[in-house]
Amino acid sequence: MSVSGTGVAVHELAGPRHVAIIMDGNGRWAARKGLSPSAGHKAGVERIRDLIEACKDREIEVLTLFAFSSENWQRPPKEVELLMSLFHSYLRREARRMQEQGIRLRVIGRRDRFSARLQRAIADAEDLTVGGTTGTLVIAADYGGQWDIAQAARSLAEEVASGARAPESIDDAALGERVQLADLPAVDLVIRSSGEQRISNFLLWQAAYSEFYFTETLWPDFGVAELDAALTAFRQRDRRYGGRSEDGVEAQA
Ligand code: IPE
Ligand code: IPE
Ligand code: MG
């Protein structure tokens, strides 16, 4: 650790390996321009390409984007339809580019409530990019943190029911292996745009020790400069994980 010219303590640790973003504020962005939410969602999708590129340049291994929550089905049917169609066209259009960049795509969430056509597009995009080793893009769609924990619990219950596992063997590690993203680096940083300071049923289990960064910027205005501001804030955080920071060693009782 060093002290920068401004006197701010800066950790010279590598940046985050895994950044997750709650892409919020499309509706308000559109409303301010007198446009429909759809226009906001379309503008929001356009931000993703540059961010993937920027993450690659900054050696961020995983970028997870919250695109549609379990609760977003409550939106007006026309808006849900538009979001589904944007997701479909995004996958069809961008999968080839990701493959060329060596980015592996993964979609987390329920899937069974999507149309057969969208489910096919998801599977095709995942298959096409399966060999990517430069980085991983995770899209959370029809995803809810509570659903995620429930599906992990169900899989453990099934093992108990089949006699393959004893109930006493269920602990945080066993559950942690069965939630989504378990095979990827831990989520270091969760960013939420649009000024809301809540998790909205995003990564509940996985964010246990994530750093949080909130910005007033609405998602369609969130660019690489905002990503860099979040990364700078992240590097100034002291992650203690319940322990005592290195700086605090002298202060030990
Ligand atoms: C986020 O933007 C996109 C989704 C939830 C799919 P919103 O549509 O929630 O934007 P606001 O919160 O209404 O501004
Ligand atoms: C969270 O945003 C979900 C996504 C960004 C996909 P919402 O706009 O749905 O969250 P709330 O309703 O403000 O909590
Ligand atoms: Mg919102």
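These legends describe close-up views of the ligand sites, the largest pocket and the largest cavity in a predicted model.

**View 1. The largest pocket holds ligand 1 and ligand 2.**
The volume of this pocket is about 680 Å³. Its lining counts 30 residues, and M23, F66, A67, F68 and N72 are the closest to the pocket centre. Four elements each supply at least two lining residues: helix 1, helix 2 (37-45), strand 4 (62-69) and helix 4 (77-101). Helix 4 provides the largest share of the lining, six residues. Sorted by class, the lining has 16 nonpolar, eight polar and six charged residues.

**View 2. The shell around ligand 1.**
Which residues surround ligand 1? The run from M23 to R28 takes part through M23, D24, G25, N26, G27 and R28. H41, A67, N72, R75 and L83 complete the shell. Helix 1 (residues 26-32) gives the most to this shell, with three residues. By class, the shell has three nonpolar, five polar and three charged residues.

**View 3. Polar contacts of ligand 1.**
Oxygen atoms of ligand 1 pair with backbone atoms of G25 and G27, and with the side chain of R75. At G25, a backbone N or O atom lies 3.3 Å from a ligand 1 oxygen. At G27, a polar backbone atom is 2.9 Å from an oxygen of ligand 1. At R75, an N or O atom of the side chain is 2.8 Å from a ligand 1 oxygen. How much of ligand 1 does the protein bury? Taken alone, ligand 1 exposes 380 Å², and the protein buries 82% of that area.

**View 4. The shell around ligand 2.**
Ligand 2 also sits in the largest pocket. I22, M23 and D24 are around it. F66, A67 and F68 belong to the shell of ligand 2 too, as do N72 and R75. R192, R198 and S200 complete the set. Strand 4 gives the largest share of this shell, three residues. The shell divides into five nonpolar, two polar and four charged residues.

**View 5. Polar contacts of ligand 2.**
Side chains of N72, R75 and S200 approach oxygen atoms of ligand 2. For S200, a polar side-chain atom lies 2.6 Å from a ligand 2 oxygen. For N72, a side-chain N or O atom is 2.9 Å from an oxygen of ligand 2. For R75, the distance from a side-chain N or O atom to a ligand 2 oxygen is 3.2 Å. On its own, ligand 2 has 390 Å² of accessible area, and the protein covers 78% of it.

**View 6. Residues at both ligands.**
M23, D24, A67, N72 and R75 are found around ligand 1 and also around ligand 2. The R75 side chain makes a polar contact with ligand 1 at 2.8 Å and one with ligand 2 at 3.2 Å. M23, A67 and N72 are also among the residues closest to the centre of the largest pocket.

**View 7. The largest cavity.**
How many cavities of 30 Å³ or more does the structure hold? There is one. The largest cavity contains about 50 Å³ of space. Its lining is made of R49, I52, E53, Y90, E94, R97, M98 and Q101. Helix 3 (48-57) and helix 4 are the elements that give two or more residues to this lining. Helix 4 has the largest share, five residues. By class, the cavity lining divides into three nonpolar, one polar and four charged residues.

**View 8. Helix 4 at two sites.**
Helix 4 contributes six residues to the lining of the largest pocket. Helix 4 also contributes five residues to the lining of the largest cavity.

Definitions and conventions: Residues are numbered from 1 along each chain as its sequence is written. Chains are lettered from A and ligands numbered from 1 in the order in which they are written. This is a predicted model: local features need pLDDT of at least 70, side-chain atom pairs count only at pLDDT 80 or more; totals for chains, interfaces and linings use all residues. Side-chain values use heavy atoms; hydrogens and water are left out. A residue is near a molecule or strand if one of its heavy atoms lies within 4 Å of it. A polar contact is a pair of N or O atoms within 3.5 Å; within protein, one must be able to donate a hydrogen and the other to accept it, and residues adjacent in sequence count only if both atoms are side-chain atoms. Accessible areas come from the Shrake-Rupley method with a 1.4 Å probe; for residues, only the protein chains shown count as cover. On a 1 Å grid over the protein atoms alone, a cavity is a set of points where a 1.4 Å probe fits but cannot get out, and a pocket is an open set with protein on both sides within 12 Å along at least five of seven lines; lining residues have an atom within 4 Å of a point. A molecule sits in a cavity or pocket if more than half of its atoms lie within 2 Å of its grid points. Ala, Val, Leu, Ile, Met, Phe, Trp, Tyr, Cys and Pro count as nonpolar, Asp, Glu, Lys and Arg as charged, and the others, Gly among them, as polar. Grid points are joined across faces, edges and corners, and a volume is the space filled by probe spheres set on the points.
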